[in-house]
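Visitor: I am new to this structure and would like a close look at one part of it. Could you choose a helix and walk me through its surroundings?

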Amino acid sequence: MQLTHYTSNFKKRTFPITLVCDNVTNAPNIGSLFRMADAFGVEKLVLCGENIQLGRKVSKTSRATEKVVNYEIYESAIEVVKEFKKNNHQIISLEITDKSQPIHTAKFSTEKPIVLVIGDENFGVSEVILNLSDNVIHIDMFGQNSSMNVVQATNIAVYEITKQLF
């Protein structure tokens, strides 16, 4: 028998993970990030960029999880990341660089809360934030394309991190 929201036996849990979105502004992506944050027990979602608004498109995609997920909105992702770093969080960016580490080889520490930074699909995580990061991770891909949808990539990353923290 297929289980529903009301009959599944998943235990509710929150992980010490804050997801910082560096200029992810597309409403369906933001809605999907809310849904993912709820599903994986992300402690907080921080949306950064100009003119981020939670409207009907976000709500439709999020399936109302924006009402239960702890979130904040700021203009500058750089300032947000600097503040988290100053407050002893480990900063992990999800980006393909010449120095990034495949996510499946990364070991995520339980010593400090995690800030996972994701970037805009066109420009990725800013260079300044990459330089502030304690670790930069990527997802190995085997096709012609060198990127995937930001929400899909974030789902994979948060799954891997929570799997290690569980």
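Guide: Here is a tour that starts at helix α1 and moves outward into the sheet beside it.

Please keep in mind that this is a predicted model. Helix α1 covers residues 27-40, which makes 14 residues. At 1.5 Å a residue these should span 20 Å, and the C-alpha atoms at the two ends are indeed 20 Å apart, so expectation and model agree.

Let us look at the two ends of the helix. At the start of α1, N26 has a side-chain oxygen that comes to within 3.0 Å of the backbone nitrogen of N29. Just past the other end, G41 adopts a positive phi of about 70 degrees.

Now for the side of the helix that is hidden. The buried residues of α1 are N29, I30, G31, L33, F34, M36 and A37. What do they pack against? Their partners are the strands β1 (15-22), β2 (42-48), β3 (71-74) and β6 (114-119), together with the helices α2 (56-62) and α5 (150-165).

Several of those partners belong to one sheet. It is an open sheet of seven strands, paired in parallel, and reading across it gives the order β3-β2-β1-β6-β4-β7-β5. The edges are taken by β3 and β5 (101-102); each has a single partner strand, so one side of each has no neighbour in the sheet. For β3, you can follow the pairing with β2, which is parallel and runs over four bridges. Within it, L45 sits opposite Y71 of β3.

Helix α1 lies across β1, β2, β3 and β6, and its direction makes about 165 degrees with β2. Helix α3 (residues 77-86) also packs on the sheet, where it touches β1, β2, β3, β4 (90-94) and β6. The angle between the directions of α3 and β1 is about 155 degrees.

Next come the aromatic rings, where α1 turns up again. The structure has two aromatic pairs. One of them joins F34 and Y71 edge-to-face, with 5.1 Å from centre to centre and 85 degrees between the planes. This pair connects distant parts of the chain, since F34 belongs to helix α1 and Y71 to strand β3, 37 residues apart. How accessible are F34 and Y71? F34 has 0% relative accessibility and so counts as buried, while Y71 has a relative accessible area of 32% and is partly exposed.

Another pair is made by F40 and Y159: the ring centres are 6.3 Å apart and the planes meet at 65 degrees, so this pair is edge-to-face. Because F40 lies in helix α1 and Y159 in helix α5, the pair ties together parts of the chain 119 residues apart in sequence. F40 is partly exposed, at 22% relative accessible area, and Y159 is partly exposed as well, at 45%.

From the helix we can step across to strand β4 in the sheet. Is β4 enclosed or open? Five of its five residues are buried, so β4 is largely enclosed by the rest of the structure. Q90, I92 and L94 point one way from the strand, and I91 and S93 point the other way. That fits a general pattern: in a regular strand, side chains alternate between the two faces of the sheet.

On one hand β4 pairs with β6, in parallel and over four bridges; on the other it pairs with β7, again in the parallel sense, over three bridges. I92 takes part in both pairings: its bridge partner in β6 is L116, and it stands opposite N135 in β7.

Strand β7 (residues 135-138) brings us to our last stop, H138. With a relative accessible area of 13%, H138 is buried. Its side chain makes a polar contact of 2.7 Å with the side chain of S100 and another of 3.0 Å with that of D140. Setting aside neighbours within four places in sequence, H138 is in contact with L94, E95, I96, S100, Q101, P102 and I103. L94, you may recall, is one of the buried residues of β4, which is a good place to end the walk.

Definitions and conventions
Residues numbered from 1 in each chain as written. Predicted model: local features only at pLDDT ≥ 70, side-chain atom pairs only at ≥ 80, totals over all residues. Heavy atoms only, no water. Expected span 1.5 Å × (residues − 1). Buried < 20%, exposed > 50% of the residue type's maximum accessible area, 1.4 Å probe, protein only. Contact = heavy atoms within 4.5 Å. Polar contact = N/O pair within 3.5 Å; in protein donor to acceptor, adjacent residues only side chain to side chain. Pairing = 2+ DSSP bridges. Axes fitted to C-alpha atoms, helices over the stretch in contact; angles between N-to-C directions. Phe/Tyr/Trp six-rings, centres within 6.5 Å; stacked < 30°, edge-to-face > 60°.
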